[in-house]
Structure formats: structure tokens, C-alpha cells
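Dear colleague,

I am handing over the structure we spoke about, and below it you will find a written account of what was found in it. Please read the account with the model open beside you.

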Amino acid sequence: ADCAVLIVAAGTGEFEAGISKNGQTREHALLAFTLGVKQLIVGVNKMDSTEPPYSENRFEEIKKEVSNYIKKIGYNPAAVAFVPISGWNGDNMLEPSDKMPWFKGWSIERKEGKADGKCLIEALDAILPPSRPTDKPLRLPLQDVYKIGGIGTVPVGRVETGVLKPGMVVTFAPVNLTTEVKSVEMHHEALQEAVPGDNVGFNVKNVSVKELRRGYVAGDSKNNPPKAAADFTAQV
């Protein structure tokens, strides 16, 4: 994912449970950062059920506490939009709410420039699309392999780097199996090319479903296909 929206419940006791040592707010923020999600938005939800309702003090208290925590994880709070919302009533979701006149809007600063707005949808629109590594060799780890009647063997996975096209000859590591890609589909629509971030299924020639398994990696046989490694560096 390119962006995470962390929803924090503002209700009495709910926020405290989420931010506690084993709470979900902490867990989800840490998971997002660990999985490489660089851009974050915080939606402070259920503002209608604070004491008193739509409390500025409660919002500021939560903003301060969550800012401190996400900073420890590795996010820069100055680049994170905090938006007080009520999903139930629609406050500050798509349009500015008249229930929180004290909220002058969110503003963020990052090296690519500043952005500001009033609503959650504007914070989503301000997310920067990351560059897609289409120039690197193809790497597509398989999530599953299906046998589809009338079509044949269809491996499924997400393109991590490079480009996958129909007609391309791919090699699957670590078994070093090479075959031609007949077609590429995403959401039941044929693609002329799949790029990083696309979850696709692709039909391969003359390969049985038993020859491929989850975890194999597809690459372009003519451009640095994936090979076995003696060691690798990973973040745990």
C-alpha cells in the first residue's frame, strides 16, 4: 500500500484502550511502518461521542499522544494530517462540518511541499503517488496458482518491479522453469502490461498447476531473471 489511514476512536475509554501497550492503534501504526507504508493520515473518529460532543480538548489530547507515538515508530508527525471526523454523521468526511467551528483544518509539511484542507477526502487527495520501479527487472512473487477450465494454469501475484506483458517469456525461480505468458488479467480485464502494484493473474503455456507453487518468483527470462541467493538482508 502507498498510504495508511489510521482510525482512532475518540470516545471515552476507547482511545485509551487503543493506545495502551497492546492496543490496536499502536499495533496498526507499527504494522504500517514496518510494511513500508510511508504516508499516513490519522482520522480521529467518533467525535460525536466525546464528552462533551465534538470536544476540541479531546481532539488535541489525542493528536498530541498519537503524534508522540508515531514519531517513535519513525513517522514525521508534521507530514501527517490529523482530521477530527464522525463516520456515523459524516462530519469532516467529504465536507467541512459546522459542529467543529474550532477546527481550522489540517496542514502538513514534507520535502515535496505543503498541503492543507478541512476534510478526510482532501487529506487522501494530498497523498503523493510514489514512483513505480518499472525500469527494474521483472519480479512477481506468486501468491497462488489456479487451474481454470478452458484457460489453463493461472499464477496470481503482485508485480513488485518491472513490467509483465502478454507474449513475454518468463522464468520461475527457484525451479528455473521457463514458459510464455499467453495473457495478463486484472479484475477480469485483459491488460497489455502490468506494472508495480498491480495484482494480476496471468495464463502460462504448457505448465501444469502442480509445477508452480506459492512463493515462486516470476521474472523476464531475457532480463536478469531471479536466481537463488546465498544470503540476503531483511528488516524483521
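**What was found**

His 188 lies in the loop between β9 and β10 (189-190), and I begin with this residue since its backbone is one of the details worth locating in what is, please keep in mind, a predicted model. The phi angle of His 188 is near 65°, which is a positive value in a residue other than glycine. With a relative accessibility of 78%, His 188 counts as exposed, because the cut-off for that word is over 50%.

A second residue with this kind of backbone angle is Tyr 54, which has a positive phi of about 60° although it is not a glycine. Tyr 54 has its place in the loop between β2 and α3, and here the side of the cut-off is another one: its relative accessible area is 12%, so Tyr 54 is buried, the limit being under 20%.

The loop between β2 (39-45) and α3 also holds Pro 52, and the peptide bond that leads from Glu 51 to Pro 52 is cis, with omega near -10°. Another cis peptide bond runs from Ala 173 to Pro 174, with omega near 5°, and Pro 174 is found in the loop between β8 (169-173) and β9 (177-186).

**The protein as a whole**

Stepping back from single residues, the protein has four helices and twelve strands. The domain assignment divides out domain 1 (3-126) and domain 2 (139-220), and the C-alpha centres of domain 1 and domain 2 lie 39 Å apart. The C-alpha trace spans about 65 × 40 × 35 Å along its principal axes, and the radius of gyration of the protein is 23 Å, whereas a compact globule of 236 residues would have one near 18 Å.

Of the 236 residues, 41% count as buried. When contacts between residues at least 6 apart in sequence are considered, 64% of them join residues that are at least 24 apart.

As for annotation, the UniProt record, an unreviewed entry, places the feature "domain: Tr-type G" at residues 1-134. In the model this span is 31% helix and 21% strand, and the C-alpha atoms at its two ends lie 17 Å apart.

**Aromatic pairs**

How many aromatic pairs does a search of the whole structure find? The search finds five aromatic pairs, among them one formed by Phe 33 and Tyr 75, which is edge-to-face, with 5.0 Å from centre to centre and 75° between the planes. This pair links distant parts of the chain, since Phe 33 is in helix α2 (residues 24-34) and Tyr 75 is in the loop between α3 and β3 (81-84), 42 residues apart. The two partners can also be described by their accessibility: Phe 33 is partly exposed, with a relative accessible area of 26%, while Tyr 75 is buried, with a relative accessible area of 5%.

The rings of Trp 102 and Phe 103 have their planes at 75° and their centres 6.2 Å apart, so this pair is edge-to-face as well. Trp 102 is buried, with a relative accessible area of 18%, and Phe 103 is likewise buried, with a value of 8%. Together with Phe 59, the residues Trp 102 and Phe 103 form one aromatic cluster.

**A serine in helix α3**

The last residue I would point out is Ser 67, which is found in helix α3 (residues 56-73). Is Ser 67 buried or exposed? At 14% relative accessibility, Ser 67 counts as buried, because this value falls under the 20% limit.

A polar atom of the Ser 67 side chain lies 2.7 Å from the backbone oxygen of Lys 63. If the neighbours within four places in sequence are left aside, Ser 67 is in contact with Pro 77 and Phe 82.

With good wishes, and with the model now in your hands.

Key:
Residues are numbered from 1 along each chain as its sequence is written. This is a predicted model: local features need pLDDT of at least 70, side-chain atom pairs count only at pLDDT 80 or more; totals for chains, interfaces and linings use all residues. Side-chain values use heavy atoms; hydrogens and water are left out. UniProt positions are given in the numbering used here, feature names are shortened, and annotations may be inferred rather than shown by experiment. Buried means under 20% relative accessible area, exposed over 50%, partly exposed in between (1.4 Å probe, protein chains only). A polar contact is a pair of N or O atoms within 3.5 Å; within protein, one must be able to donate a hydrogen and the other to accept it, and residues adjacent in sequence count only if both atoms are side-chain atoms. Contact means heavy atoms within 4.5 Å. Rings of Phe, Tyr and Trp (its six-membered ring) pair if their centres lie within 6.5 Å; planes under 30 degrees apart count as stacked, over 60 as edge-to-face and the rest as tilted. Domain bounds come from an automatic or database domain assignment. The radius of gyration is taken over C-alpha atoms; the globule rule is 2.2 Å times the number of residues to the power 0.38.
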